[in-house]
Structures are given as structure tokens and as C-alpha cells.
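Open the model in your viewer and keep the selection tool ready. Each stop below gives you something to select and says what is there.

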Amino acid sequence: MISKFHHFSAFLFFLVLLQLWPVLSLAKSTCNENEQVDVERSDFPDGFLFGTATSSFQVEGAYLEDGKSLSNWDAFSHIPGNIENNDNGDVADDHYHRFLEDIEIMHSLGVNSYRFSISWPRILPKGRFGEVNPAGINFYNYLIDNLLLRGIEPFVTIYHHDFPQQLEDKYGSWLSPQMQKEFVHLAKTCFENFGDRVKYWATLNEPNLLTDMAYIRGTYPPTHCSAPFGNCSAGNSDTEPLIVLHNMLLSHAKAVKLYRKHFQEKQGGSMGIVLHSMMYEPLRDEDSDRQAVSRALAFNVGWMLDPLVFGDYPAEMREYLGSQLPRFSKEETNNHAIRGFVYTTGERDGIMIGEPTGNPRFFVVPEGMEKIVDYVKDRYKNIPMYVTENGYSLPKQKNQRSQDLVDDVKRIEYHSGYLSALARAIRNGADVRGYFIWSLMDNFEWLDGYSVMFGLYYIDRQTLERTPKLSATWFKNFLTDNTSHTIEKSSM
């Protein structure tokens, strides 16, 4: 079974998510000031995809309109106290009704691609035992057609955290191998309805992050965890994450096999999976700390990519988890903990590795981009990579003025630094083919609701008016190799 799974991987066109700010392991080494390096569009290869990214639950809204069913995140966000300020995705950015306006925004920026996700409960409200929802299919058809009319390539994620709540109630969602069948049915529905126009597919978004947040820490639905990682009413943080990620990897493999067998020859698309990755550095110049970095990368990156490239989990995981780490068969048993192997921190001797951001775990360390790309290049034989999300949010402050949020110089500095690092990695031979800014516009940021903002466009929560930030003007100029022009502060 392992060799068969490995055979699937020969087709895969991997998508690697270099998520936000690399956090360094066991503790971050002290940082030097990063030199400001000018970066231009011409530093990247012809055909390179530059785009913006969103996901269905975070921007669409219309949470029960036109036949859509209740999602797991609808149910979770409606419970008081689960989301900051008791925010929810009922309206979000109203992308469902305003997608034409948003496409015009993207066209004005000059992007050549847009990464979005399919809402599972919008097109299959009851999963594989229910009917396909025509209104949901029509929405995505309109979205795709209008993107293409504007010369914007659809880059489609099939599953980005939201699924029909019925699947949680019926199976326990990703804890059950039945979820593999559900996902393959979803993928088949997408290929049949959208595949004639979609050439870039991502199967699942960040399975390793979802597993961490939902089944180790227990902060995402279905809020499963156990001590010492959290205090949940159900779950086992030692064993459930291994089952969940295993089911997700098999779901990916089966969807790839389906696409290759029945759709790829005619539709001509490519497919990959989105990885949440961080870069780590040793606290001290000692072998034990360097080994800790190796373990951290294996448990973060290797946990997902090693099975897809090499046909098995990393040796570093086998060493700690033993022979009962899941094999690639339908029967799986697990009896070992997967965490507690390394301590990570954001500082050493009181010195932070980089500037703080809106997420206390993430820091601005542009060189981490180059290092994680090099790591993936070296470990996985330079598989094709896309940076499917990278973005910046200011540290949280009370009573922030709208004007301060729009004049986002820090976001410009952030993307300039990370793009410079990415360009260096490409010059050194890394096969990176795209960069997507998270996000097109401020949106529902999961547990943080609307309190954390990553967008190039500011969203007025009362009117939903889209206002370009300075970073939108910068990105537009970058895409036309016009970054030398002065960017004046906005007025609202």
C-alpha cells in the first residue's frame, strides 16, 4: 500500500504554504537588522503567478442562502465566546453578492491569478448522500468565468476548513475513514463542474495546521484535545491527530488518482496540497539544538510531505512514535504522543527574532522565507512550489483608527522583504512558481474574527465598502515594475 501511495506522488504538483512569519525552534537566534533590498517584478520568471488569496468561509457570507447548509464553522462561531468579539461569518465580506466588484478590484491591481476555495456546504449541503446544489455550482461558475474574462487565472482550493456540519454529526468528520469518501465525492463534483476552466487545484488547505488547532490544541472545531495541550470535553491530543492527518493524506491521494485517471488528460490541470510551514533556528550552537530543529521541521513539514514524496512518515517521527505511527492502510492504530518533542520560543535573552505581528506566534523574519524554500528544495528534490499564502497584520491595538489601518507601510515593508528573499531562493535554483498575498481584503480570521487584518483592502464592517490601502497601490506598482514611484498616504 505504501508503494502505491508513493506512486500517486509522482504526479503531484505540490503547493507549499509559507505561512506568514517563520517562528524559530527551541528558541530563535538573535536577529540582525535586515537590509532593505529593492525587489521588482522582473526579478521573477516569466509566467510567474502573482495573486491574492481568500477562502470561502472567510469572505463569502450568505451563510444559509440559496440552499447552502450549516457548516462546522457556522455552528462553532455561533457559540458565544468561541470567537473574539463574538464575530461570525454570516455576512463576512459579502463576497457571495459582491464578487464582481472584487474581481474588478483584482483586475485593477494587475494580478494574474486568484486563489479561492470552494464552500463544501454550498455545493454539497448534505455530502455525498444529498443532491448537488445548483445555486452553489452557478455561483462558482460565474466567479470562474468572470475571472477568466479579466485575464485572472483561477487557483482553486477544494477544501479550506469548512464542511457540512452534518459530516461532523454523522461520522466525527476527519476521525473517520468515511470522510475520505466524502472528500473524493466533493473533488469529483468540482472536477466535473469546473475542471474545464480550472488548471490549478489544491486539494486540502494546511492539514497539518488544522490538525494542530482542532485536535491537539482544541481551539478549532470540533475542539478535541487532552492535557497538557488543552482542556476539552472530548479528544486525545496524543492519538487523534495522527488519525486525522492520515485520513486527510489518503483523501488527497485518492482525489489525485481520480483526477489523473478520469480528468487530467482532457482538462490538462495540475494538482497539489497546501502545507503550513515554519522555519526554525537553534537556540544555541550545539548539536542537541540543531537536532531539535531537525525534529521540528520533520514534525511540521515532513509529517505531510514525506509520505507524499517518499511513501512514509519521516524517520525522525518513526524514532519517537515507533512502529504504531499509521501505515498507509485502512486499518490504523496509534498509541504514542506526537508533541512534547521540542520547546519553541520567539526570543533569546529577551531579544525578539523579529518584529511582532497580529499573531503572537509569528514574527517578521524575511530570511526565513529563503531558508524554508531551500529546505523544501533540498529535502524534496526541488518539487514545484507556490507560496499560496503570505501576509502581514499589525499587532492588535485597541481603538485603532481607520486611517492608520489604511496607511499600512509595515505591510509594504513586509512583502518587499519576503519577496526579496523569495527572489534570492529562485536565483539559487528553487522551483517556485507563484506568490499569493494573504489577503485580498480584511476578512474573518478564524478565532480572531475581524480583529486581525491582513488585507490589501480595508473593509468597513458597517457598510462593507472596500478601500485600498497603501499596500494595494504598492502591489499594483510592483506588478508593473513601477515601484520607484512615491506612494502617498491615503485619505478616507
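The tour takes in helix pairs, a loop with its disulfide, one backbone oddity and the cavities.

**Before you start**

This is a predicted model, in which local features need pLDDT of at least 70 and side-chain atom pairs count only at pLDDT 80 or more, while totals for chains, interfaces and linings use all residues. Residues are numbered from 1 along each chain as its sequence is written, and side-chain values use heavy atoms, with hydrogens and water left out.

**Stop 1: H4 and H6**

Select residues 95-109, helix H4, and residues 134-149, helix H6. Helices here are DSSP runs (H or I, at least four residues), numbered from the N terminus. The two axes lie 10 Å apart, at an angle of about 10°. Axes are lines fitted to C-alpha atoms, for helices over the stretch in contact, and angles run from 0 to 180 degrees between N-to-C directions. H4 and H6 are therefore roughly parallel; the cut-off for that word is an angle under 35 degrees.

Now show side chains. H4 brings His95, Tyr96, Phe99, Leu100, Ile103 and Met106 to the contact. H6 answers with Ala135, Phe139, Tyr142, Leu143, Asn146 and Leu147. Contact means heavy atoms within 4.5 Å. By class, the contact of H4 with H6 has 10 nonpolar residues, two polar and no charged. Ala, Val, Leu, Ile, Met, Phe, Trp, Tyr, Cys and Pro count as nonpolar, Asp, Glu, Lys and Arg as charged, and the others, Gly among them, as polar.

**Stop 2: H9 and H12**

Move to helix H9, residues 207-216, and helix H12, residues 287-310. How do their axes cross? They come within 9 Å and cross at roughly 125°. That makes H9 oblique to H12, the term for angles that are not under 35, over 145 or 65 to 115 degrees. Pick Pro207, Asn208 and Thr211 in H9; they meet Asn300, Trp303 and Met304 in H12. The residues of this contact divide into three nonpolar, three polar and no charged.

**Stop 3: the loop between H9 and H10**

Select Pro222, in the loop between H9 and helix H10 (240-262). The peptide bond leading to Pro222 from Pro221 is cis, with omega near 15°. Go on to Pro228, also placed between H9 and H10. Ala227 and Pro228 are joined by a cis peptide bond too, with omega about 5°.

Next, show Cys225 and Cys232. A disulfide joins them, S to S 1.9 Å; the cut-off is a pair of cysteine sulfur atoms within 2.5 Å. The structure holds one disulfide. Its S-S torsion is about 105°, so the disulfide is right-handed.

**Stop 4: Asp66**

Jump to the loop between helix H2 (56-59) and helix H3 (72-77), where Asp66 is found. Asp66 is not a glycine, yet its phi is positive, about 55°.

**Stop 5: the cavities**

Switch on a cavity display. A cavity is a set of points on a 1 Å grid over the protein atoms alone where a 1.4 Å probe fits but cannot get out; lining residues have an atom within 4 Å of a point. Grid points are joined across faces, edges and corners, and a volume is the space filled by probe spheres set on the points. The structure holds seven cavities of 30 Å³ or more.

The largest cavity has about 80 Å³ of space. Among its lining residues are Leu394, Arg411, Met453 and Lys469. The second largest has a volume of about 60 Å³. Select Phe57, Glu60, Lys68, Arg122 and Asp162, which are among the residues that line the second largest cavity. That lining has two nonpolar, five polar and four charged residues.

Note on methods: 1 Å grid on protein atoms, 1.4 Å probe; cavity = no way out; pocket = protein on both sides within 12 Å on 5 of 7 lines; lining within 4 Å. Helix = DSSP H or I, 4+ residues; strand = E, 2+ residues; numbered from the N terminus.
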